[in-house]
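User: I'd like to go through the ligand site and ask what backs up each label. Here is the model I mean.

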Amino acid sequence: MAYTYDPQNIFARILRGEIPNNTVLETEHTLAFHDIGPQAPIHVLVIPKGAYVNFDHFATGASAEEIADFTRAAAEVCRIVGATPGEGGGGYRTISNAGEAGVQEVPHYHLHILGGRVLGRMLQRID
Ligand code: 5GP
């Protein structure tokens with residue numbers, strides 16, 4: 001599968017320091033920052049520093065080290081923002097949109113971490 005990465009996308013520009021961000025956590029391969037248009041009291045975006053378009057691109061193209069770093073950073077973000085269940089947090093939801101059906105706006109892989117309120121059902125039933 002060939003993926004075309006747009007180096008001018010907004011998250012690439014954030015990674016290059018061309019646009020400011022409100023950082024929650026930075027690791028060797030990962031950056032996490034608050035979403036500019038939060039849809040819940042907690043809304044953090046976790047992105048790999050590598051040039052990956054979406055989840056399947058990351059899963060197939062990233063190194064094991066990048067994937068482990070990203071996954072552990074995302075869990076650490078949940079702890080930092082106080083959302084981790086069992087550690088006094090109220091829980092969270094992770095979402096990754098891809099492509100047209102997923103209504104992905106920014107073409108750099110990112111994980112949304114949402115929480116701080118009861119988020120309701122994952123999707124509205126359409127049947
Ligand atoms: P998507 O629809 O691609 O899954 O989500 C893109 C997310 O990026 C949206 O929730 C949007 O609010 C967020 N976003 C877009 N531009 C910026 C920006 O410049 N800074 C930050 N922090 N978030 C952004």
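User: What makes the pair between His110 and the ligand a polar contact?
Analyst: Keep in mind that this is a predicted model. A polar side-chain atom of His110 lies 2.8 Å from an oxygen atom of the ligand. The cut-off for a pair of N or O atoms is 3.5 Å, so this pair counts as a polar contact.

User: Which backbone atom lies 2.9 Å from an oxygen atom of the ligand, and what does His112 do?
Analyst: The backbone one is an N or O atom of Val106. His112 brings a polar side-chain atom to 2.8 Å from a ligand oxygen. Both values are within 3.5 Å, so these are polar contacts as well.

User: How much of the ligand does the protein cover?
Analyst: On its own the ligand has 530 Å² of accessible area, and the protein covers 86% of that.

User: Where does the ligand sit, and how do you know?
Analyst: In the largest pocket. That label needs more than half of the ligand's atoms within 2 Å of the pocket's grid points, so the ligand passes that test. The pocket's volume is about 870 Å³. It is lined by 33 residues, and those closest to its centre include Asp35, His43 and His112.

User: Which residues are closest in the shell around the ligand, and which element gives the most?
Analyst: The shell has 16 residues, with Asp35, Asn97, Glu105, His110 and His112 the closest. Helix H1 (10–15) gives the most, with 3 residues. Strand E2 (30–34) also gives two or more.

User: Why are 2 residues of that shell called charged?
Analyst: Only Asp, Glu, Lys and Arg count as charged, so 2 shell residues are of those types. The others divide into 8 nonpolar and 6 polar.

Note on methods:
Residues numbered from 1 in each chain as written. Predicted model: local features only at pLDDT ≥ 70, side-chain atom pairs only at ≥ 80, totals over all residues. Heavy atoms only, no water. Near = heavy atom within 4 Å. Polar contact = N/O pair within 3.5 Å; in protein donor to acceptor, adjacent residues only side chain to side chain. Areas by Shrake-Rupley, 256 points an atom, 1.4 Å probe, with all protein chains shown as cover. 1 Å grid on protein atoms, 1.4 Å probe; cavity = no way out; pocket = protein on both sides within 12 Å on 5 of 7 lines; lining within 4 Å. Helix = DSSP H or I, 4+ residues; strand = E, 2+ residues; numbered from the N terminus. Points joined across faces, edges and corners; volume = space filled by probe spheres on them.
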